[in-house]
Amino acid sequence: MRRFKKIAVSSMAVLAISACASEKPKLASINANPSPYAQGQSHTEPLFYNGRTYQVQFKHIVAQRVYSVNVSARGRSLGKTAADARIVSEVGRNAINHFACKDNQKAKILDGSVEPSTVGWNMRARCA
């Protein structure tokens, strides 16, 4: 009787394992909005960079898979030189990298998109 019980238990275990192994894999769902932020909603985050505080406002544009980013500084104006462009693009990139990109992605500022505006600098960024 005891031997029959062992055979029955081991048979059930084999059946359970084979049932799991024969289960079809589920298809991955494609997310059209991989960002944690909804289409078109504007978000503002403070960012402390090189001893200064910046305000980074960004909006996700799902169809283009980019973020429209504005970097400004509360209470002070930002310069309009090439060196200033490098600083604000790094601030924008860091903000998108931290607040919007998934863990295995890095933010990248799109070439030629960094432009001075009446309030700070505008640029476009993408998570890749």
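The legends below describe views of a predicted model of one protein chain, from its overall fold to residue N70.

**View 1. Secondary structure of the protein chain.** The protein chain contains 2 helices and 6 strands. Read from the N terminus, these elements follow the order α-β-β-β-α-β-β-β.

**View 2. Burial, surface and contacts of the protein chain.** Of the 128 residues in the protein chain, 28% are buried. The exposed area of the protein chain is about 9100 Å², and 56% of that area comes from carbon and sulfur atoms. Among contacts in the protein chain with a separation of 6 or more, 46% are made by residues 24 or more positions apart.

**View 3. Residue N70 in its strand.** N70 lies in strand β3, which spans residues 66-72. The relative accessibility of N70 is 12%; N70 is therefore classed as buried, since the cut-off is under 20%. V91 stands 21 residues from N70 along the chain, and the C-alpha atoms of N70 and V91 are 10.0 Å apart.

**View 4. The surroundings of N70.** Leaving aside residues up to four places away in sequence, N70 touches Q55, V56 and Q57, as well as S117, V119, W121 and N122. With one of these residues, V119, there is also a polar contact: the side chain of N70 lies 2.9 Å from the backbone oxygen of V119. This view thus joins two descriptions of N70, its buried state at 12% relative accessibility and its contact with V119.

Technical notes. Residues numbered from 1 in each chain as written. Predicted model: local features only at pLDDT ≥ 70, side-chain atom pairs only at ≥ 80, totals over all residues. Heavy atoms only, no water. Helix = DSSP H or I, 4+ residues; strand = E, 2+ residues; numbered from the N terminus. Buried < 20%, exposed > 50% of the residue type's maximum accessible area, 1.4 Å probe, protein only. Contact = heavy atoms within 4.5 Å. Areas by Shrake-Rupley, 256 points an atom, 1.4 Å probe, with all protein chains shown as cover. Polar contact = N/O pair within 3.5 Å; in protein donor to acceptor, adjacent residues only side chain to side chain.
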